[in-house]
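Hi,

Here is the structure I promised to pass on. Have a look at it first, and then read my notes below.

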Amino acid sequence: MSSPQPRSRILGTGSYAPARVVHNTDLEKIVDTSDSWISERTGIRRRHIAAEGELTSDLAAAAGRSALDAAGLSAADLDMIIVGTISGDTPMPSCAVYVQQKLGAQEIPAFDISAACAGFVYGLTIADQFIANGVARHVLVIGVELLSRILNWKDRTTCVLFGDGAGAVVLGPASGDGRGIISTRIFSDGTLANSLVIPGGGTAEPLTPEGIEQSRNKVHMVGQDIFKVAVKNLSSASLIALDTAGMAAGDLDWVVAHQANLRIISQVAARLSLPLERFVLNIEEYGNTSSASIPIALDEAVRDGRIKSGQNVLFCALGAGISWGASVIRM
Ligand SMILES: CC(C)(COP(=O)(O)OP(=O)(O)OC[C@H]1O[C@@H](n2cnc3c(N)ncnc32)[C@H](O)[C@@H]1OP(=O)(O)O)[C@@H](O)C(=O)NCCC(=O)NCCS
């Protein structure tokens, strides 16, 4: 089966991680945990944490500038900015408008996507549509999270898992040489909405002093529920995206999966019958950076020469919602 012709392609990638690095051993001093528990159960050894005063939009703008540079473009060339995040600077307006302001972009549409860890794949899918229908030529898609400020640092079941960071791509029209987004598919299942949730601070539960005391405005997760569904849905979405692209897993050069847990990635690799060596892994260094994890890993692998032009790459991500998706790209 031949692959559909891509309509958009990645012109440049970029990423940014805050300078401060927190090791597992640092967390041993805050909660009842251990370096061995964290690294054996998750693969995480370190995570980057934003400095006081550093904003989500600062991280996002830094990654965006780096992607624009790599694409050989400037902010004036952009037709749209899409930011996948659940930890924007303010509940209103979007993080994307702060990024627009910081980049000095024109009066273009700039908006956020709320799909948690799947935010980047959602953003990519939406950008691909706007480029395909000719409404936009250059779209900046950013995944960014500053989760350290919305974690309960007394809850060892969540605070050890996440980190801060941003990754970005600039998408532009495909040039007809087969390179670009060949397929991209997104899904949600709201029946699991409460398995990974910030329960307070929205209209369902406006914040009260008691709510703040009980960390209702912080991330709550039933880890095992998410684990099981992550392995199943990441695998099925990957196979659907591959099928839509007219490819099999064996045609892939690289998989850039959401970096939530090394055990999840290993089980997805087994279900796709792919060796773990085919996966770009950086969970050890960053922890789970939610929507930023795929574009950070992608940018690192592009810059260090692992991912090369013309190679077939699969992205797959799943997070709160639950929302998930997968994309097949020829770089
Ligand atoms: C969170 C996660 C790492 C927990 O790993 P797990 O193997 O499922 O561990 P469990 O939740 O069964 O906990 C096992 C034990 O470790 C304990 N534990 C939990 N966190 C701990 C920590 N940081 N340090 C030490 N012990 C910990 C638990 O209390 C439990 O103790 P018990 O057996 O005495 O009750 C794993 O479930 C996971 O990765 N889930 C999906 C995460 C995810 O993908 N999230 C979001 C998508 S973006």
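UniProt, in an unreviewed entry, puts the feature "domain: Beta-ketoacyl-[acyl-carrier-protein] synthase III N-terminal" at residues 111–190. Keep in mind that this is a predicted model. In it, that span is 22% helix and 35% strand, and its end C-alpha atoms sit 22 Å apart.

Now for the annotated residues. The "active site" annotation, also from an unreviewed UniProt entry, covers Cys 117, His 258 and Asn 288. They are spread over 172 residues of sequence, yet they cluster in space, with a largest C-alpha distance of 8.7 Å. From this set, Cys 117 is part of the lining of the largest pocket.

Taking His 258 next: you'll find it in the loop that runs between strand 11 (254–257) and helix 9 (262–271). His 258 has a relative accessible area of 6%, so it counts as buried. Beyond its neighbours within four places in sequence, His 258 is in contact with both of the other annotated residues, Cys 117 and Asn 288. Its other contacts include Ile 265, Ser 290, Ser 293 and Ile 294, and Cys 316, Ala 317 and Leu 318 are also among them. With Asn 288 there is something more specific: the two side chains are joined by a polar contact of 3.3 Å.

Asn 288 is a loop residue as well, placed between helix 10 (283–286) and helix 11 (293–303). Its relative accessibility is 5%, which is why Asn 288 is classed as buried. Setting aside residues up to four places away in sequence, Asn 288 touches Cys 117 and His 258. Also among the residues it touches are Gln 259 and Ala 260, as well as Leu 161, Phe 162 and Gly 163. Ile 44 and Leu 147 are on that list too.

One more residue caught my eye. What does a buried Glu 145 do without a salt bridge? Glu 145 lies in strand 6 (residues 139–145), and the nearest side chain of opposite charge, Arg 149, is 12 Å away. Instead, the Glu 145 side chain makes polar contacts: one of 3.1 Å with the side chain of Thr 85, and one of 2.5 Å with the side chain of Ser 87.

If you open the model, I'd begin with the His 258 and Asn 288 side chains and then go over to Glu 145 with Thr 85 and Ser 87.

Cheers

Conventions:
Residues are numbered from 1 along each chain as its sequence is written. This is a predicted model: local features need pLDDT of at least 70, side-chain atom pairs count only at pLDDT 80 or more; totals for chains, interfaces and linings use all residues. Side-chain values use heavy atoms; hydrogens and water are left out. Helices (H or I, at least four residues) and strands (E, at least two) are DSSP runs, numbered from the N terminus. Buried means under 20% relative accessible area, exposed over 50%, partly exposed in between (1.4 Å probe, protein chains only). Lys and Arg count as positive and Asp and Glu as negative; His and the chain ends are not counted. A salt bridge is a side-chain nitrogen of Lys or Arg within 4 Å of a carboxyl oxygen of Asp or Glu. A polar contact is a pair of N or O atoms within 3.5 Å; within protein, one must be able to donate a hydrogen and the other to accept it, and residues adjacent in sequence count only if both atoms are side-chain atoms. UniProt positions are given in the numbering used here, feature names are shortened, and annotations may be inferred rather than shown by experiment. On a 1 Å grid over the protein atoms alone, a cavity is a set of points where a 1.4 Å probe fits but cannot get out, and a pocket is an open set with protein on both sides within 12 Å along at least five of seven lines; lining residues have an atom within 4 Å of a point. Contact means heavy atoms within 4.5 Å.
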